[in-house]
Amino acid sequence: MTDHITTVAGVAVDTRHWIGGARVASEETFTDVSPIDGSVLGEIARGTATEATAAVAAATAAFPGWAATPRAERARLLHAIADGVEKRLEEFAIVETSDNGALLRSHRRGVMPRVAHNFRFFADRLLDLGHDDFETRGHTNHVSWDPAGPCVLITPWNAPLMLATWKIAPALAAGNTVILKPAEWTPLTASLLADVTAEAGLPAGVLNIVQGYGAEVGEALVTHADVRRISFTGSVPTARRIAVAAGDHLTPLSLELGGKSPLLVFADADLDLAVDLAVEQYDNAGQVCLAATRILVEETIAEEFTRRFTAKAAALTQGDPRDPATDIGPNIHPRQVEKIDGFVRRALNAGARAIIGGGPKTDLGGLYYRPTLLTDVAQDSEIVQEEVFGPVLTLQTFASEDEAVALANDTRFGLAATLATGDPERAERVSARLVAGTVWVNCFFVRDLRAPFGGARQSGVGREGGTWSFDFYCDLKNTVTAPTEGVRHG
Ligand SMILES: NC(=O)c1ccc[n+]([C@@H]2O[C@H](COP(=O)([O-])OP(=O)(O)OC[C@H]3O[C@@H](n4cnc5c(N)ncnc54)[C@H](O)[C@@H]3O)[C@@H](O)[C@H]2O)c1
Ligand SMILES: O=C/C=C/C=C(\O)C(=O)O
């Protein structure tokens, strides 16, 4: 590493913050390590309240100019950023894989194209954004979508750039300025994005990126009085802290949190499809907020389901996420692996049985965990109620539709639910009864950015996506104008 630049898989990445259109170093740094092999990727600037204050000041200064920039020009710049991401897609993909250990083939084919799409989608949606004017006794009501101001966006490590741009794009489209605080385990692709936005011509201070720990720079950002919106994706305990911090200034919040989503498999389902959907839950080594980690199977088909699931899961290849043949890569961090294993140990001690897996895959080194399916688990047990965030699923059976729905909803979460059934009427009935922000019927992770996205109960507060993103990131205003002549006070 020289002059704050580190080279990751041949790609030069600046390790400093990006504040007001300039690179800014901190006195202290933290070490970013690759989960693939434990190698050091860089010494990253460790922000404090000083950098948080500077970033909010830069975002505040840039706000009036950006807010006044015509929608068409804002949209053009967002498309230019998408072009830049697409042009450097391979670099983004390999750097993200090095940093968080998710599959390179997923980053190439799915995740990084989605990053570009996040910008394109919200740019286009901005141009369509409107509201029909309406009349009240001769007065016109005109609704406008005013930009709100500087937005603090705080994001996790499991899909770093995808989840960051899912917030950055609508916030910028809306005419706001942004301060992003990426997760400290995955700081790199956000820094590359800063380069791309500069090349695209985004004015200085419109997007700022501060690196560092949540308890330090993160806390300083969410308590800042000049911040007009906070959007957070991460865990429930952190969300609680942020909500309390935001309470001081009553800063509006959007929270996208954890889950313990069910996969309901009815006897009338296409069993191969159901098994495919279940095995898909090991994607990203189980580090997916939406993952359907509680498999609920109708008891008459449980044996056959388990047989096919076991065969299918046995064919999964674990290993280096850069290898195109790999299906499951490492988990993010030794702490995360310890946490996953703790959940599994306690479940086994409480009487659970591991149908597959049940521990780390030691021959690959410390961070790989064997895909695990646990059965004989009590509904009120920790393993059924708490989010593990690793490749660990539970299997329970049900005897009736009512029981299936009762088990599915018996959780403090409500992010998503998936059901497999061959009966469209059952699909409709059950979907209507499930508590979840998204329900997938005979499919999983089909995402359309026009749809509302978020969770019920402790899976979140508010919805983002499509118009809902603009609802959150804008200060909606209604202007009521009297007729030029005639009526006053109606
Ligand atoms: N609903 C969704 O869309 C979604 C998507 C992905 C992940 N998740 C959830 O995220 C969690 C995993 O991510 P994680 O472990 O990085 O979560 P986390 O809550 O530990 O950290 C998330 C972010 O918050 C920051 N942070 C921590 N303390 C803070 C504080 N006091 N003030 C401000 N910022 C602070 C962290 O630095 C990080 O950037 C899981 O629960 C998962 O379900 C949810
Ligand atoms: O791990 C969680 C993944 C969340 C996905 C999205 O936020 C999305 O697809 O927009």
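Colleague: What makes you say that α3 is largely enclosed by the rest of the structure?

Modeller: Nine of its twelve residues are buried, so the label fits. Buried means 20 or more other C-beta atoms within 10 Å of the residue's own, exposed means 12 or fewer, and partly exposed is in between, with C-beta atoms placed from the backbone. Among the buried ones in α3 are Phe92, Val95, Glu96 and Asp99. Mind you, this is a predicted model: local features need pLDDT of at least 70, side-chain atom pairs count only at pLDDT 80 or more, and totals for chains, interfaces and linings use all residues. Residues are numbered from 1 along each chain as its sequence is written, while chains are lettered from A and ligands numbered from 1 in the order in which they are written.

Colleague: How do you know whether the span of α3 agrees with what twelve residues should give?

Modeller: Helices are DSSP runs of H or I with at least four residues, strands are E runs of at least two, and both are numbered from the N terminus. The expected span is 1.5 Å times one less than the residue count. For α3 (residues 89-100) that should be 16 Å, and the end C-alpha atoms are 16 Å apart, so it agrees. Just after α3, glycine 101 has a positive phi of about 80°.

Colleague: Why does proline 147 count as buried?

Modeller: Proline 147 has 24 C-beta neighbours inside 10 Å, so it meets the cut-off of 20 or more. Proline 147 sits in strand β8 (residues 139-147). Residues up to four places away aside, its contacts are Ala67, Ala174, Gly175, Asn176 and Cys474, a contact being C-beta atoms, placed from the backbone, within 7 Å. Asparagine 176 is 29 residues away along the chain, yet the two C-alpha atoms are 5.4 Å apart.

Colleague: How do you know where ligand 2 lies relative to domain 1 and domain 2?

Modeller: Both domain 1 (5-257 + 455-478) and domain 2 (262-441) give residues to its shell, so ligand 2 lies between them. Those bounds come from an automatic or database domain assignment. The shell includes Asn158, Trp166, Cys289 and Arg447, where near means a C-beta atom, placed from the backbone, within 6 Å.

Colleague: And what makes you say that domain 1 and domain 2 are in contact?

Modeller: 18 residues of domain 1 are in contact with 21 of domain 2. On the domain 1 side, the elements giving two or more residues are α3 and α4 (104-128). The C-alpha centres of the two domains lie 31 Å apart.

Terms used. Two residues are in contact if their C-beta atoms, placed from the backbone, lie within 7 Å.
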